[in-house]
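Let's take a friendly look at the nonpolar core and the aromatic rings of this protein. The sequence and structure come first.

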Amino acid sequence: MPFSEAEVQSARGAWEKMYVDAEDNGTAVLVRMFTEHPDTKSYFTHFKGMDSAEEMKQSDQVRGHGKRVFTAINDMVQHLDNTEAFLGILNPLGQKHATQLKVDPKNFRIICDIILQLMEEKFGGDCKASFEKVTNEICTHLSNVYKEVGW
């Protein structure tokens with residue numbers, strides 16, 4: 001997983017732009033995921049009845065989960081230069097999603113791709129490019145966790 005110091009700084013700079021508005025950006029990512037990939041809503045019993053994007057944007061539950069997703073990613077970004085700490089955040093998250101929540105691992109790639117799309121739309125291609133390695137590492141390590149628990 002090694003990131004160079006330049007990659008760490010570039011990724012952190014890109015992420016800071018998104019995280020400064022974590023709740024709204026996290027909500028935008030989830031709403032886009034639920035709208036473009038409606039099957040992803042099936043994991044959230046309290047989101048299932050929400051059909052319109054506007055309804056989802058206003059939901060405290062959607063907003064809260066979007067912020068939780070962004071906070072978890074922020075914690076990982078703060079540890080890009082420490083693999084043990086990075087995995088210490090990511091592995092339990094992966095285990096919970098695999099064993100308790102039974103979330104299909106393909107959904108992590110979906111949400112990471114939507115984060116990258118939103119980054120590019122808001123801040124340009126350089127911002128997206130600076131963060132792609134992070135999302136690839138997150139998805140790769142989550143996939144490994146799923147394999148370890150027999151998914």
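Below are some notes on the core, followed by its aromatic pairs.

## About the model

This is a predicted model, in which local features need pLDDT of at least 70, side-chain atom pairs count only at pLDDT 80 or more, and totals for chains, interfaces and linings use all residues. Residues are numbered from 1 along each chain as its sequence is written, and side-chain values use heavy atoms, with hydrogens and water left out.

## The nonpolar core

The largest nonpolar core (buried Ala, Val, Leu, Ile, Met, Phe, Trp, Tyr and Cys residues joined through side-chain atoms within 4.5 Å) has 45 residues, and W15, F70, L80, M119, F131, V134 and I138 touch the most other members. Two or more residues come from each of α1, α2, α4, α5, α6 and α7; helices here are DSSP runs of H or I with at least four residues, numbered from the N terminus. Helix α6 gives the most, nine residues.

Leaving aside residues up to four places away in sequence, F131 touches A11, A14, W15, I73, V77, L116 and M119 (contact: heavy atoms within 4.5 Å).

## Aromatic rings

Which residues join W15 in one aromatic cluster? They are Y19, F70 and F131. Rings of Phe, Tyr and Trp (its six-membered ring) pair if their centres lie within 6.5 Å, and planes under 30 degrees apart count as stacked.

W15 and Y19 both lie in α1, four residues apart. W15 is buried at 1% relative accessible area, while Y19 is partly exposed at 24% (buried is under 20%, exposed over 50%, partly exposed in between, with a 1.4 Å probe and protein chains only). W15 and F131 are stacked, 5.2 Å centre to centre with 15° between the planes. W15 is in α1 and F131 in α7, so this pair ties together parts 116 residues apart in sequence.

How values were computed:
Phe/Tyr/Trp six-rings, centres within 6.5 Å; stacked < 30°, edge-to-face > 60°.
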